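User: Hi! I am new to this structure and would like to learn how to read a helix. Could you walk me through one?

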Amino acid sequence: MIDLHTHSTASDGELRPAELVALAKESGVSVLALTDHDTFSGLEEAKDAAKNAEIIFVPGIEINISWPSGEFHLLGLGLKSICEELEKITRALQDERKSRNQGILRRMAEAGHDVSYEEFVSLSGGEGRENTLGRPHLASYFVKKNLVRKTQAAFDKFLGKSAPFYIGRQGAVLDEAIFAIKKSGGVPVIAHPLSLYVSWGKIADILREIKSRGVQGLEAWHPGAREADCRRLERLGRELKLLVTAGSDFHGKSVRADRRIGITAGNIHIPERYYYDELLPALENSVT
């Protein structure tokens, strides 16, 4: 069993990188990728823990990409040496994330809600985490402030796209992110492609165009999709000659209780072939 899409406290996960690795070991995961949002700050800790746990570790990242509809997240799997271009992209995304949080809380305070950016940062781990805090952390903050009872209610009332205090995100430029991942020795993979919000009638052409720009893989298996749709995506990936990956998008029980490490759509334990037959050959051919 493997997992090629997980998150730690370096972004919006519940567990520290070493704790994530320990859970992976306990759960029977033999290959683990850490793919925190717009940061690689947890990779060294996870790498050391994985070595001690005798787990094959895949250093990764999940980058927010500018896209006209839905969400486009790009995984960079198997990073070997972080290049200057990737560092620049992550710094810009972290600055944008911080500015967005400040904007949301300012709007809410102006509307009469008892919130402040300083308190939010303090209750969410302190200044050291400022650049990695996002909407899930805001939702937890609103629960602590008794503005809502559950985090989902925070999205419904304050943070969702149709909510009054929503502020959109500016993502990275796709071609720049692809270049930076490859220059860092990694393989660019489209995460949970159904979040692109493209119809089945158009998705093949969209994926074909994205592939022509240098993306090498497709995360066909993700717990946010139905098993039948994942099988359809895998067939499509094969037709387009994209490598196929699978992940749990694990964040932790308190964040997404329905997602378990090593398990994807259809309650399927992720087979090792998605690493050994798919990702590993691409990593062996990648260069820094």
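User: Which residues are buried in helix α7 (residues 174–183)?

Analyst: Happy to help! This is a predicted model, where local features need pLDDT of at least 70 and side-chain atom pairs count only at pLDDT 80 or more, while totals for chains, interfaces and linings use all residues. Residues are numbered from 1 along each chain as its sequence is written, and side-chain values use heavy atoms, leaving out hydrogens and water. Buried means under 20% relative accessible area (1.4 Å probe, protein chains only). Helices are DSSP runs of H or I with at least four residues, and strands are runs of E with at least two, numbered from the N terminus. In α7, the buried residues are Leu174, Ala177, Ile178, Ala180 and Ile181.

User: Why are they on the same side of α7?

Analyst: An α-helix has 3.6 residues a turn, so residues three or four places apart point the same way. Here the buried residues cover an arc of only 165° around the axis, which puts them on the same side of α7. That arc is taken from the directions from the helix axis to the C-beta atoms.

User: What covers the buried residues of α7?

Analyst: Contact means heavy atoms within 4.5 Å. The cover includes strands β3 (56–65), β4 (72–77) and β5 (187–190), along with helices α3 (84–110) and α8 (200–212). Just after α7, Gly185 takes a positive phi of about 85°.

User: How many helices and strands are in the protein chain?

Analyst: The protein chain has 10 helices and nine strands. Buried residues make up 53% of its 288 residues. The C-alpha atoms fill a box of roughly 55 × 45 × 40 Å along the principal axes.

Notes. Buried < 20%, exposed > 50% of the residue type's maximum accessible area, 1.4 Å probe, protein only.
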